[in-house]
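Reader: I have a structure to look at and do not know how to read it. Please take me through some of its features.

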Amino acid sequence: ACYLTHTNKDTLDIIRVNQTLSPMYNGDIKAVGTRYCPSIEDKASRYPDRNTHHVFLEPESLNTNSYYPNGISTGLPEDVQLAYTRTIPGLEKAEFLYPGYAITYDVVETTHLDASFQHKDVAGLYFAGQINGTSGYEEAAAQGFVAGVNAALACLARPALHFNRYDSYIGVMVNDLITNTRDEPYRVFSARSENRLFLREDNTVLRMAAYRKNLSLNNALDSYQQSFLEEESFLAEYVSKVNYAHAKELFARLGGPEIKSGSKAILLAELVKQSWIKKPEEVLAQELASFGLSFKAEVMRTVAIAQKYDGYINKSKEQLEKIKRLEATPINWKKIAESSNVSFECRLRIRNIRPKTFGELRQIDGIRPATLAVVASTL
């Protein structure tokens with residue numbers, strides 16, 4: 001069980017009086033802390049009018065009586081930590097197994113890495129995780145996968161695996177890291193993606209199919225993946241073009257029952273389009289069974305969501321296609337960096353990051369619209 005308690009005025013008074021003893025506030029550490037997990041000193045400074053902050057007491061194991069007090073991370077001296085901790089309800093008699101501490105660490109310049117997380121100047125040297133300036137377990141895991149798979153592919157003399165930002169959040173993260181310098185720890189959010197209506201967990205199988213194929217993972221042994229793709233393809237085509245003749249053709253191709261009624265064909269399409277949100281899975285399964293059909297519930301959900309947001313997704317897709325047509329266009333960064341039509345500051349940034357496409361150029365922090373216009377006019 002976890003427990004919830006709160007700081008109070010006594011807690012924050014002790015912290016504010018001793019704030020200059022924290023290495024983040026006395027100049028010992030000049031680095032920028034993570035934006036999304038602020039220390040209790042940060043909270044005391046950012047919100048001077050607030051003394052109440054959540055403290056989540058999280059057990060560290062089923063077999064010990066130690067708890068992690070989430071919400072009061074700190075770099076203050078141990079005696080100050082103990083003093084303010086004991087002002088918190090429920091922690092009046094707390095004892096420390098380990099005090100809190102502040103850390104600072106070096107990171108690599110990720111603009112010197114390619115989309116495999118391989119260093120552009122040192123072949124075979126890959127980087128992943130916190131050293132790339134990121135914060136979070138998921139970010140680290142995704143980078144480890146990208147760097148590890150690509151290191152293995154390099155050893156096998158196979159082409160690198162590069163994730164696209166338009167069909168994966170891994171691609172969003174990789175692209176953000178290698179095209180921009182970081183001034184604080186990086187985390188992935190859906191807001192970072194231009195295509196977030198499409199980047200959903202319900203359609204992961206569809207979005208990852210091409211990557212699996214590149215890695216030779218789409219094989220006969222993987223029946224779930226293959227059947228998902230086949231069922232989704234059938235249902236998506238069916239509900240988007242439903243009429244008697246088309247339904248008859250599709251069902252014949254699937255090897256399903258013969259459709260003898262146009263009204264029944266349309267009724268089935270409406271079931272798939274509208275009923276997922278309104279009806280329980282068992283009811284849907286029964287109604288589909290009356291047609292002699294059986295689809296995975298997760299496939300029906302994917303198709304239903306895609307239909308529900310079809311207008312928004314298509315509008316977003318059209319906008320993306322316009323951008324992608326230009327973004328995917330290769331550029332000669334060396335030539336641009338020598339152009340007298342590009343500002344000196346932009347030339348420096350371009351030399352540092354060495355973008356390969358117009359899209360990478362556009363995402364470099366500090367690149368001016370005038371520079372983009374100059375380059376776009378030559379493509």
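Author: The following turns go from the whole chain to ring pairs and then to salt bridges. This is a predicted model, in which local features need pLDDT of at least 70 and side-chain atom pairs count only at pLDDT 80 or more, while totals for chains, interfaces and linings use all residues. Residues are numbered from 1 along each chain as its sequence is written, and side-chain values use heavy atoms, with hydrogens and water left out.

Reader: How many helices and strands are there in the protein chain?

Author: Helices (H or I, at least four residues) and strands (E, at least two) are DSSP runs, numbered from the N terminus. The protein chain has 16 helices and three strands.

Reader: What percentage of the residues is buried?

Author: A residue is buried under 20% relative accessible area, exposed over 50% and partly exposed in between, using a 1.4 Å probe and protein chains only. Of the 379 residues in the protein chain, 39% are buried.

Reader: How is a pair of aromatic rings described?

Author: The distance of the centres and the angle of the planes describe such a pair. Rings of Phe, Tyr and Trp (its six-membered ring) pair if their centres lie within 6.5 Å; planes under 30 degrees apart are stacked, over 60 edge-to-face, and the rest tilted. The whole structure holds four aromatic pairs. In one of them, the ring centres of Tyr3 and Tyr67 are 6.3 Å apart and the planes lie at 55°, so the pair is tilted.

Reader: Where in the chain are Tyr3 and Tyr67?

Author: Tyr3 is in strand E1 (residues 3–6) and Tyr67 in strand E3 (residues 67–70), so this pair links distant parts of the chain, 64 residues apart. Tyr3 is partly exposed at 47% relative accessibility, and Tyr67 is partly exposed at 39%.

Reader: Which residues are linked into a cluster by ring pairs?

Author: The cluster consists of Phe145, Phe163 and Tyr211. Within this cluster, Phe145 and Phe163 form a tilted pair, with 6.2 Å from centre to centre and 55° between the planes. Phe145 lies in helix H4 (residues 137–155), and Phe163 lies 18 residues away in the loop between H4 and helix H5 (169–179). Phe145 is partly exposed at 38% relative accessibility, whereas Phe163 is buried at 13%.

Reader: Why can side chains of opposite charge pair?

Author: They can pair when their charged atoms come close. A salt bridge is a side-chain nitrogen of Lys or Arg within 4 Å of a carboxyl oxygen of Asp or Glu. By this rule the count is ten. One of the ten joins Arg187 and Glu138, at 3.4 Å from N to O. Arg187 is in the loop between H5 and helix H6 (204–214) and Glu138 is in helix H4, so the pair ties together parts 49 residues apart in sequence. Glu138 is exposed at 55% relative accessibility. A network of salt bridges links Glu138, Glu139 and Arg187.

Reader: Are Asp176 and Arg165 buried or exposed?

Author: Both Asp176 and Arg165 are buried. They form a salt bridge with their closest N and O atoms 3.0 Å apart. Asp176 lies in helix H5 and Arg165 in the loop between H4 and H5, so the pair ties together parts that are eleven residues apart in sequence.
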